[in-house]
Amino acid sequence: MPLLAAVPASGSAAAAGCEVDYTVNAWTGGYTAEVSVTNNGPALSDWRLTWTYEGDQRVTSGWNATVTQSGHAVTAVNTAWNGTVASGGTLSFGVQGTAGSGGPAPTDFALNGVSCGGDGTQPPTTPPPTTPPPTTPPSAECGDAVVCDDFENQTGSTPAGNWRFTAPDCQGTGAAAVDTAVAHSGARSLRLDGKAGYCNHAFVASTADLSSVGPVMYVRMWVRHTTALPAAHVTFVSMPDSSQGGKALRIGGQNGALQWNREIDDATLPAQSPTGVGMSEPLPTGSWQCLRFAVDTTATGLDTWLNDEQVPGLHADGVPTRDVDDQWLSRTTAPRPTALRLGWESYGNGDDTLWFDDVAVGSTPIGC
Ligand code: CA
């Protein structure tokens, strides 16, 4: 368990010195950190950087390294292609995580078990990471994201261009339109008139292929709806998931609160116990709500924010949490959403009229 304790400095892999630059980009509830390490010791053929979080930051994924966390101890190991570092050379990788209640940036870095010297040789981190908790979420700008649409370029009443109407399997009375009477931005939004009963489902699908968005896929949308989420299961965001044979990863409601649902096994996040439902949130009616989520495509990791507040019942990180991920962790395959569909699907009761606007999907966090 204590990954830091069992790593003696030994052999040619030991570094005589190292300098670490740990640069945090933090927002409410989460962070990424770019980690750059200068190897002042002998050349390395593989590397392992370890550190300890004083706070309750928790790594959910990494890039250019395999990053794991046990308790407060974090270990980053080179990938198959970036293990070689010359003497005097630099290695770099990144981590992403949830911030919890925050904590200072780590200072006890060790490279292949040899301390980098703590504060003495480590440049200061900029900006101070999550203490105090940041008040500035990521930018709402989404200009270079794969999907970044305010629907203002829609010219007719039928969704067109980068969007198309779809009603998989069967079609009843559900309908979709470009609405010029209700909008979050500008003068247009997508309107979905969803009706109870599966075949009355209706979605508008983005034509964008999302299969290369990642390693963490970030989605931001503004949604407004009319009728409180029902007790019965409903869906309003559906994403085909290639890791589940194309079965959808879905966001909707059950027992009056937001939930994630996995089509292939009908697992829910949170669990539908009273405690679990209480750890989620209703979706308020009659006003625009900013819904954001992050899907880790390399591990079991999901985060969800409603109006910049992280929803604890809509969080999965691979560490079991009672009443939250009891069902969710039954499958360990990392999700791989490939497309985005917005609309309404009711498996029993529940009509709703919804509007979507300012929808974005990208590989970096997108704010409200
Ligand atoms: Ca708009």
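This briefing covers two sheets, a calcium site and a buried asparagine in a predicted model. Because the model is predicted, local features need pLDDT of at least 70 and side-chain atom pairs count only at pLDDT 80 or more, while totals for chains, interfaces and linings use all residues. Residues are numbered from 1 along each chain as its sequence is written, and side-chain values use heavy atoms, with hydrogens and water left out.

**Seven-stranded sheet**

- Seven strands form an open sheet in the order S11-S14-S23-S16-S17-S18-S19, with antiparallel pairing; strands are DSSP runs (E, at least two residues) numbered from the N terminus, and two strands pair if DSSP finds at least two bridges between them.
- Its edges are strand S11 (163–166) and strand S19 (267–269), each of which pairs on one side only.
- From one strand to the next, the twist averages 30 degrees, where axes are lines fitted to C-alpha atoms and angles run from 0 to 180 degrees between N-to-C directions.
- Six bridges connect strand S17 (residues 248–254) with strand S18 (residues 257–262) in the antiparallel sense.

**Asparagine 261**

- Asparagine 261 lies in strand S18 and is the bridge partner of arginine 250.
- At 1% relative accessibility, asparagine 261 is buried; buried means under 20% relative accessible area, exposed over 50%, and partly exposed in between (1.4 Å probe, protein chains only).
- The side chains of asparagine 261 and arginine 250 are also joined by a polar contact of 2.7 Å. A polar contact is a pair of N or O atoms within 3.5 Å; within protein, one must be able to donate a hydrogen and the other to accept it, and residues adjacent in sequence count only if both atoms are side-chain atoms.
- A polar contact of 2.9 Å links the side chain of asparagine 261 to that of aspartate 266.
- Leaving out residues up to four places away in sequence, asparagine 261 touches residues including His233, Ala248, Thr268 and Trp328; contact means heavy atoms within 4.5 Å.

**Calcium site**

- The calcium ion is coordinated at 2.3 to 2.8 Å by Asp150 (O), Glu152 (OE), Ser185 (O), Ser185 (OG), Arg188 (O), Asp357 (OD) and Asp357 (OD). Donors are N, O and S atoms within 2.8 Å of the metal (3.2 Å for Na, K and Ca), and sites may look incomplete because water is not among the atoms.
- The donor residues follow the sequence spacing D-x1-E-x32-S-x2-R-x168-D.
- Serine 185, in the loop between strand S12 (175–179) and strand S13 (189–194), and aspartate 357, in strand S24 (residues 352–362), are 172 residues apart, so the pair links distant parts of the chain.
- Serine 185 is buried at 18% relative accessible area, and aspartate 357 is buried at 0%.

**Strand S24 and its partners**

- Eleven of the eleven residues of S24 are buried.
- Strand S10 (residues 147–149) pairs antiparallel with S24 over three bridges, and valine 147 has valine 361 as its bridge partner.
- S13 pairs antiparallel with S24 over five bridges; arginine 191 stands opposite tryptophan 355.
- Strand S15 (residues 216–225) runs antiparallel to S24 and is joined to S24 by seven bridges, with valine 223 opposite phenylalanine 356.

**Five-stranded sheet**

- A further open sheet has five strands in the order S5-S6-S3-S8-S9, with antiparallel pairing.
- Strand S5 (66–70) and strand S9 (114–115) each have a single partner strand, so one side of each is left without a neighbour in the sheet.
- Strand S3 (residues 48–52) and strand S8 (residues 110–111) run antiparallel and share two bridges; threonine 50 has alanine 110 as its bridge partner.

Definitions and conventions:
Helix = DSSP H or I, 4+ residues; strand = E, 2+ residues; numbered from the N terminus.
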